[in-house]
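Biologist: Before we discuss terms, please put the model on the screen. I will ask what stands behind each label.

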There are 2 protein chains.
Amino acid sequence: MNSTAIKDCTQQEIDQAIADSKNAFEIYRTKTLSDRAALLQTIASNIEKESEILIQTAASETHLSAARLKTELIRTIFQLKSYAAHCVSGQWLDVRINTADPNRNPPKPDIRKMLIPLGPVAVFGASNFPFAYSTAGGDTASAFAAGCSVVVKAHPAHVETSRLMATIIEKSITDCGLPAGLFKHIEGASNAVGECIVKHPSIAAVGFTGSLSGGRQLFNWGNERKIPIPVFAEMGSINPVFVLTEKMQQDGQSVAKSLAGSITLSMGQFCTNPGIILVENNPALNDFLEHLKNAFDDFAPTQMLHEGIAHSYREKQKLALQQEQVSVLTTVNSEDNTLQVNPSLVITDAVSFMQNEILKQEVFGPFSIIVVCNNKDQMSEVAQTMEGQLTATLIGTANELSASRDLINTIQQFAGRIIFNGVPTGVEVCLAMQHGGPYPASTDSRFTAVGGDAIRRFARPVCFQNCADELLPPELQNSNPLDIWRTVNDIPGKDKIINR
Amino acid sequence: MNSTAIKDCTQQEIDQAIADSKNAFEIYRTKTLSDRAALLQTIASNIEKESEILIQTAASETHLSAARLKTELIRTIFQLKSYAAHCVSGQWLDVRINTADPNRNPPKPDIRKMLIPLGPVAVFGASNFPFAYSTAGGDTASAFAAGCSVVVKAHPAHVETSRLMATIIEKSITDCGLPAGLFKHIEGASNAVGECIVKHPSIAAVGFTGSLSGGRQLFNWGNERKIPIPVFAEMGSINPVFVLTEKMQQDGQSVAKSLAGSITLSMGQFCTNPGIILVENNPALNDFLEHLKNAFDDFAPTQMLHEGIAHSYREKQKLALQQEQVSVLTTVNSEDNTLQVNPSLVITDAVSFMQNEILKQEVFGPFSIIVVCNNKDQMSEVAQTMEGQLTATLIGTANELSASRDLINTIQQFAGRIIFNGVPTGVEVCLAMQHGGPYPASTDSRFTAVGGDAIRRFARPVCFQNCADELLPPELQNSNPLDIWRTVNDIPGKDKIINR
C-alpha cells in the first residue's frame, strides 16, 4: 500500500492551506456562474489531455483495469461538463421572487431569494473511484459549481493519481485567472489529518464517499464543532434485489446473467453493488440458481483495490459463512495473492436473514446473499426490516409489478433509488438522479451526490427584502440578465419583471 | 408559571404516542396532495371558529395583548392556508424527470424524482408565538403539507392554549377522515421528555423554535442517535441594523421612530428583534440618539411572557451594563412586578463591542445596543466579526447603498435575510422568504422555517428508474394528472410527456 509512504501534513500546513482556501473563496464567490462553468470546462479539457498518464498511474495504484479506468475518466469529464451546464442554467439556485404590493395593509415587501455558496468544502474521495469520486470527482465539481473553494484530502490508496489530478486542477485555476488557493491538496495517512480538516473553523461543509465507520466519524466531528457543518457522507449499502417468480420462470437465465455481471463488475467494488437477492421459493428457483452459478463461474477474478479492502472482504466473507443457515452456492477460487479474493454467492432463508444483523452488513466486493422467502408476503416482511439503502431493485413481469404496489411502497421507505428490471450498478449522471438514501446509506438523505442537484449541498438561501434592483445579484434583477429559470410570484418562468 | 402544574408524560405514554404517530404516518403518506391541503384548510377553519377562546386563553397564559394575539392568530390561519396552497401546487416536490434514450450506448434509462415525506416529525414550539410558531404553527403545518405525522411537545409556558389547539387539530383530523394518530400532544416540563421524543427511533425529524441552548441540545440528541435525524432549530439572533450617515441626517427622526417601535414591539420578544444598531460617529448622531430616546420613552412596558424570560432578561441586561465602555442611553422604568422589566437602550464603541463576546449575545426582550463606529470602514470591520444571524438591516439613502456593495457582500456571509430601509420584525409568509441563517441563528442554514420552502425540511428525494407509468406516483406520470410544475429533461413546465 502507498499509505505507508505518505507523510501527514502538519497542523501548520493544514492551517495555511485552509486559510488560502478561505481567501480564495472570498474572491471566487463573487464570480459569475459563467466563470465557474469555465473553470469546470477547463478542468475537463485539461484532464482529457492527460488521460494517458492518469490512467496508467491509477491502474498501477488501484489494480483496476485500464479499460474500466478509461470509462471512469470519461465519466469524470462528462460530470465536470454536466455540472458546468447545470451551473449556468441557474435552476439549482432556487430563485424565488415575490414582488411588492404597496396597497396591502401592511404593505407587502419585495422579497427575492437565491442560493449562495457555503464556503471552503473539504472533500474525502473514494478508493473505488480514483477519478469520478475522488480528487476531481463529483464532490469537487459540484462544490466549484456552487461557488465554493475545495480542500481535498488525498486518498492514501491512490495518492499519485490524486497528486497528478491536483496539478491538473491547479493548472486549470491558473488558466482561468482564478486565485491559486481555490484548490488545496492535503496528504495524510492518519485520521488526525481528517479530524484537523473537518474541525477547522473555516471549513463550511464536507463531502465524503467511503465506509460507514469513516463517514460516521466525519459526521460526528462536523456536528461536535462549536459551529456545526453539514457532512455529506455517501456510505455503504447492500442494495437489495427482489426477483419475482413469474419473471424468474420466463427469463431466469438472462436475469441471472445480468445480476451476476452486476455483482462481479470491477470485483464488486461499487457502492451500488447488489448484495442481497430476494427470491420466492418456487419450482423455477433451482434452475435460476443454476443459471446464477454458471454465470458466476464464468467470471475471472482480478485484484482488489488494495490490501485493506481485500483483507476486510475476506474477514466479512468468512464471518457471513460462519452464520447459521448460511451455505455457499458457489465460489470462484482465485490465485493465492494478498490482493486476490474468492468471489462468492451464498444462500440463506428469510427468517435466518431477518434475525441476523451480521448478514445485513455490507461485504464490499464480489459477494451476494440469496435470501429465499416462503412467499411474497415474507419478501415484504424482509423489506420492512431493511436499513437505509442507496438503491433497491424490483425484477418482475408487468403483471407482477402491477400486483406489487405495497412492496414498492415499502421499498420507498428505505431506498433512494428504485430500479425496475435492471441492475443497481451504473449511476446515470442526470438531474433526476438520486444517489443517496436513508442512513446508513448516507448521512443526509435529503441530498444527492450525483446529478445537478448535488450542487445544492454546498449552498444556502439568502433573501433580499426591498433591495434596489441595481444592488441585487444579477440572478435576482428585474431584467433577468442571465436568462435563468426563476419562480416569480409562485410561477416558474424566465420573464423579465416589469411594473415593479 | 404553568410549568409547575404540568406532569411529565411517562416513557410508556411517549412510546405509545409515537407508535400511533408512526402508524398514522404509514396511512397519511399515501394520501394525495389535495388530501393534505384539505386537512390544513380544515384546521384553519376550525381555528377560526374558536378564535375567541384561543385568544382569551393565550392572553392569560402569555400576557401578550389580545390585539397582538389576534394578529398572530390571523397569521397562523393564513400560514395554514398558504401551506395548503403550496402543497397542492407541488412545486416543493422538486419533480425532475429525465426521459430514456434507448439509442444511446449504453441505453439511457428513464429516471423520475420527487420528494417523499420523512416520517413522524417532533415539534417544539416557541413561547413567544403561542399560535404561529407553536402547536398549530409553521412547523406543524409544513410537516403535514410534506405528508408527515406530527408529535407536538406542548410548551410549558402556554400549555392550556396548546391543549385547546391540540383538540382543534384532532377534531380536524376526524373531520377529514384521517387516522387519529396523525397528531399527538405530549406534555412535560422536564428535559427528559424532550430527550425521549428526539431519541425515539420512529421520530424522523425535529422542528424547534427557541433558545440557542435548547436548540443545540435537541440538535446534539438528534445527531447522537444510531440513525441521526435532521433537527431544524431556529434559535437566537441579534439582528444587526446598519444606519448610514446621510440617511441619518436626512430622516433621522423617522428612522429612530421605526427602530424604537421594532425594538419594543411585543416587549421585544421576537427572534428578529433588532439587538444592535451600528452607526457612524457623525454630526447628526446626537440628534438621532435623542430621537431614539424620545421614541423609546413614549413606550409603555407590558408584562413579559413568563417569569423565566423576565428573569433571564434582567440577568443579561445587568451583565451587559457591567461591561466596560457600555453606558445607558435610556431606560424606561416599569412597575415592580416579577413579569415586568425595564426596556433599555445602551451605547458602546465599536472596539469595545468587537472585543467583548458578552455584548454579542442575545438579550431577549426590549433591549438594543447602539455601537458607534469611527467610520464606515470600522462598520464593515464589525460586520466581518458577526456570528450567524436571521437578519441584517441596512438603512441608507440610494447613494449610500450604491456605495455599500462591499458591506452588502459581507452581510450576506452571516445573514439569512437582508432588509433595506425597513425593520427586521415582520416576517412575510411567502415562497421567497428565508427565515433561518448561519449557526447560531439556526442549526441548518440550508432551510427556512417560514414560507412554502419550509415544507422541504421534512421530505427527501426518491427516484424511480424505468418504472411503468401506471406504477409511478401521479406526480411523476406522463400525463401530469395533478397539473404540477415539473422539470422534464432539464426544462420546467407542465406539459404531458409523450413518445415515451
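**Labels and their grounds**

Modeller: Keep in mind that this is a predicted model. Start with a single residue.

Biologist: What makes B:K247 count as buried?

Modeller: Buried means under 20% relative accessible area. B:K247 has 18% relative accessibility, so the residue counts as buried. B:K247 belongs to helix α9 of chain B, residues 245-264. Beyond its neighbours within four places in sequence, B:K247 is in contact with residues including B:I395, B:G396, B:T397 and B:N421.

Biologist: How do you know how the two copies are related?

Modeller: A turn of 180° with a shift of 0.0 Å along the axis lays chain B on chain A, at an RMSD of 0.0 Å. The copies are therefore related as by a two-fold rotation axis. The same surface serves both copies, since 100% of the contact residues of chain B recur in chain A.

Biologist: Why are β10 of chain A and β17 of chain B said to stand at the edges?

Modeller: The open sheet has 12 strands, with β14(A) followed by β15(B) in its order, and the pairing is mixed. β10 (327-331) of chain A and β17 (491-493) of chain B each have a single partner strand, so one side of each lacks a neighbour in the sheet. On average, neighbouring strands are turned by 25° against each other, direction ignored.

Biologist: What makes β1 and β16 of chain B a pair?

Modeller: Pairing requires at least two bridges. β1 (residues 96-98) and β16 (residues 486-488) of chain B have two bridges, in the parallel sense. B:I97 has B:V488 as its bridge partner in β16(B).

Terms used
Residues are numbered from 1 along each chain as its sequence is written. Chains are lettered from A and ligands numbered from 1 in the order in which they are written. This is a predicted model: local features need pLDDT of at least 70, side-chain atom pairs count only at pLDDT 80 or more; totals for chains, interfaces and linings use all residues. Side-chain values use heavy atoms; hydrogens and water are left out. Copies are superposed by least squares on the C-alpha atoms of residues with pLDDT of at least 70 in both. Contact means heavy atoms within 4.5 Å. Helices (H or I, at least four residues) and strands (E, at least two) are DSSP runs, numbered from the N terminus. Buried means under 20% relative accessible area, exposed over 50%, partly exposed in between (1.4 Å probe, protein chains only). Axes are lines fitted to C-alpha atoms, for helices over the stretch in contact, and angles run from 0 to 180 degrees between N-to-C directions.
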